[in-house]
Amino acid sequence: MSYLVAAKYLGSDYDVQRLQGGVRAWWRPWDRLQIAAQVRTGVILPFGPNPGAPLTHKFYLGGADTVRGWGSRRLSPRVEECDDEGTCVSTPVGGYTMIQGNLELRVRIVSMFSLVGFVDMGDVQAGVATWRPGQWNFSAGPGLRVDSPIGLVRLDAGFRLNDPGVYPDEASWGIYFGFGETF
């Protein structure tokens with residue numbers, strides 16, 4: 001659980017509260033199998049004479065550690081900017097409500113190598129305390145883990161499972177490289 005408050009009387013340009021919490025669980029039913037899950041949610045609550053939140057404090061999802069199948073910080077409300085020829089660029093600007101869930105099955109093949117299957121879910125909304133299950137984004141895919149001398153190295157491929165019609169310009173898959181477990 002985390003809580004952040006910023007206010008004019010504390011030296012901020014914004015009056016805002018940010019609450020975020022979650023639960024993680026791991027279960028090892030057999031020596032070679034681990035099931036890992038997490039759920040997180042958060043809300044930003046503007047208040048006072050300068051309500052709002054800077055872009056850096058808003059919620060974004062997507063990438064190797066949140067919702068695989070999306071680019072880093074690409075799962076977010078957008079602003080469309082169009083030029084005179086009608087060419088538009090969609091820019092993520094963050095949101096005030098976030099939900100994320102992850103489930104992984106981790107199977108150790110040999111002492112150094114493990115295979116992973118995962119399902120991720122997430123959404124970020126522009127509104128305050130706005131959860132819209134019909135717009136939640138789901139992805140799934142396989143992964144490889146190598147327990148190397150420098151630590152755990154991971155490689156995942158995430159594929160989007162649904163298209164709620166909110167982000168038609170985004171790629172439907174991604175490859176992710178990282179160190180340590182996702183969570």
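User: Which residue pairs with Cys 82 in a disulfide?
Analyst: This is a predicted model. A disulfide needs two cysteine sulfur atoms within 2.5 Å. The sulfur atom of Cys 82 has a partner 1.9 Å away. That partner is Cys 88.

User: How many disulfides does the chain have?
Analyst: The pair Cys 82 and Cys 88 meets the rule, with sulfur atoms 1.9 Å apart. By this rule the count comes to one disulfide.

User: Is the disulfide of Cys 82 and Cys 88 right-handed or left-handed?
Analyst: Look at the torsion about the S-S bond. For Cys 82 and Cys 88 it is about 100°, so the disulfide is right-handed.

User: Is Cys 82 buried, partly exposed or exposed? And Cys 88?
Analyst: Buried means under 20% relative accessible area and exposed means over 50%. Cys 82 has 48%, so it falls in between. Cys 88 has 40%. Cys 82 is partly exposed, and Cys 88 is also partly exposed.

User: What secondary structure does the chain have?
Analyst: Helices number zero. The sequence pattern is β-β-β-β-β-β-β-β-β-β. The strand count is ten.

User: What share of the contacts with a separation of 6 or more joins residues 24 or more positions apart?
Analyst: Contact here means heavy atoms within 4.5 Å. Pairs 24 or more positions apart are set against the contacts in the chain with a separation of 6 or more. Their share is 56%.

User: What percentage of the residues counts as buried?
Analyst: The chain has 183 residues. The cut-off for buried is under 20% relative accessible area. By that cut-off the buried share is 43%.

User: Where does Glu 104 sit, and is its place buried or exposed?
Analyst: Glu 104 belongs to strand E6, residues 97-108. Its relative accessible area is 0%, so it is under the 20% cut-off. Glu 104 in strand E6 is buried.

User: Which side chain makes a polar contact with the side chain of Glu 104?
Analyst: Glu 104 has contacts beyond its sequence neighbours, including Arg 68, Arg 145, Glu 181 and Thr 182. A polar contact needs N or O atoms within 3.5 Å. One side chain lies 3.3 Å from that of Glu 104 by this measure, and it is Thr 182.

User: Which side chain is joined to Gln 38 by a polar contact?
Analyst: Gln 38 is part of strand E3, residues 33-46. At 4% relative accessibility it counts as buried. Beyond four places in sequence it touches Val 23, Arg 24, Gln 100, Gly 101, Asn 102 and Phe 183. The polar contact spans 3.0 Å, and the partner is Arg 24.

User: Is Ile 175 buried or exposed?
Analyst: Ile 175 is in strand E10, residues 173-179. Leaving out residues up to four places away, it touches Leu 155, Asp 156 and Ala 157. Its relative accessible area is 53%, so it passes the 50% cut-off. Ile 175 is exposed.

User: What distance separates the C-alpha atoms of Ile 175 and Ala 25?
Analyst: Along the chain, Ile 175 and Ala 25 are 150 residues apart. In space, their C-alpha atoms are separated by 25 Å.

User: Where is Arg 73, and what is its phi?
Analyst: Arg 73 lies in the loop between E3 and strand E4 (78-82). Its relative accessible area is 42%, so it counts as partly exposed. Its phi is positive, although the residue is not glycine. The value is near 60°.

User: What is phi of Ala 129?
Analyst: Ala 129 is in the loop between strand E7 (113-125) and strand E8 (137-148). At 44% relative accessibility it is partly exposed. Here too is a positive phi in a residue other than glycine. The value is near 50°.

User: How many Å lie between the C-alpha atoms of Phe 159 and Gly 141?
Analyst: Phe 159 is in strand E9, residues 151-160. With a relative accessible area of 38%, it is partly exposed. Gly 141 is among its contacts, as are Phe 138 and Trp 173. Phe 159 and Gly 141 are 18 residues apart in sequence, and the C-alpha distance is 5.9 Å.

Conventions: Residues are numbered from 1 along each chain as its sequence is written. This is a predicted model: local features need pLDDT of at least 70, side-chain atom pairs count only at pLDDT 80 or more; totals for chains, interfaces and linings use all residues. Side-chain values use heavy atoms; hydrogens and water are left out. Helices (H or I, at least four residues) and strands (E, at least two) are DSSP runs, numbered from the N terminus. Buried means under 20% relative accessible area, exposed over 50%, partly exposed in between (1.4 Å probe, protein chains only). A polar contact is a pair of N or O atoms within 3.5 Å; within protein, one must be able to donate a hydrogen and the other to accept it, and residues adjacent in sequence count only if both atoms are side-chain atoms.
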